[in-house]
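Here is a structure to be read through a short series of questions and answers.

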Amino acid sequence: MADLSHRTEISFAGTFISSAFAACFAEICTIPLDTAKVRLQLQKRAVLGEGGASKYKGLLGTVATIAKEEGLLALWKGIIPGLHRQFIYGGLRISLYEPVKAFCAGSIILADISLFQKIVAALITGAIAISLANPTDLVKVRLQAEGKLPHGAPRRYSGALNAYYTILKEEGLVALWTGLGPNIARNAIINAAELASYDQVKQSILKIPGFTDNILTHLLAGLGAGFFAVLIGSPVDVVKSRMMGDSIYKSTVDCMVKTLRVEGALAFYKGFLPNFGRLGSWNVIMFLTLEQVKKLFMWEV
């Protein structure tokens, strides 16, 4: 009879390194779509009386416009703070998920934990991780948003490190946590949608006869995680991008009210398709990479 007592385990450090690596790799692959998403979200309707059409139209149109006007490398603008963000945020939110989920489960066997408890665990880890990573998110959005300045206009930042320094010098330390409220809301919600749905979808797929814990299962679960993340998180994502990219809003509520009054409710889903294109592909790449890299840090007990 086979010895069923053996199982594999992975340390917190191993999970953190695996998560950070997977998140950074996914960021490199998909940041052009994120740049397009940010530009679409920051794009306002022409002010009444000014007329004029929107500069960016759709995912491919936005990508093409940016590449044509600013060069291909502009699509990777913000990649350095993006990698800073994913190393901190991506590493922490995923590596903390299992310990926090176990805490939420209490005496319950982890295999029997409810979807609600998974969501609570992911909300907590998302909030903790982004609270530490907010400065990197701010710099990333500021660099991506600079492309909407008129051609030839001077740029405020020469790069990621210069952006950190300039914001710190001109606006103060607290400014690095600009937009923290909507950022916590956005990332806690999206983290819950991603991790809890990936966990739940994967668990459900594995109950279907013929399915095993393989790449196909990871791919389907990753797509499900991306879809739910965008569906639930788009409104707060739009508010977060506008709060960080512009200085015309006094508060999160002010941003929401002005956006709703001027552009209507559908504005909160502006950039939905590129956002799903990014988060769907991001989740597939990240979870596929994570599942493979974790094997390098596992040992049998």
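Q: What span should helix H3 have at 1.5 Å a residue, and how far apart are its end C-alpha atoms?
A: This is a predicted model, in which local features need pLDDT of at least 70, side-chain atom pairs count only at pLDDT 80 or more, and totals for chains, interfaces and linings use all residues. Residues are numbered from 1 along each chain as its sequence is written, and side-chain values use heavy atoms, with hydrogens and water left out. Helices are DSSP runs of H or I with at least four residues, numbered from the N terminus, and the expected span is 1.5 Å times one less than the number of residues. For the 17 residues of H3 (residues 79-95) that gives 24 Å, which agrees with end C-alpha atoms 22 Å apart.

Q: Where does H3 bend?
A: The bend at a residue is the angle between axes fitted to the seven residues ending there and the seven starting there. By that criterion H3 bends by about 30 degrees, at Gln86.

Q: How many of the 17 residues of H3 are buried?
A: Buried means under 20% relative accessible area, exposed over 50%, and partly exposed in between, with a 1.4 Å probe and protein chains only. The buried residues of H3 include Arg85, Gln86 and Tyr89. H3 is largely enclosed by the rest of the structure, because the number buried is twelve.

Q: Is Glu146 buried or exposed?
A: Glu146 lies in the loop between H5 and helix H6 (160-171). Its relative accessibility is 5%, so Glu146 counts as buried.

Technical notes:
Helices (H or I, at least four residues) and strands (E, at least two) are DSSP runs, numbered from the N terminus.
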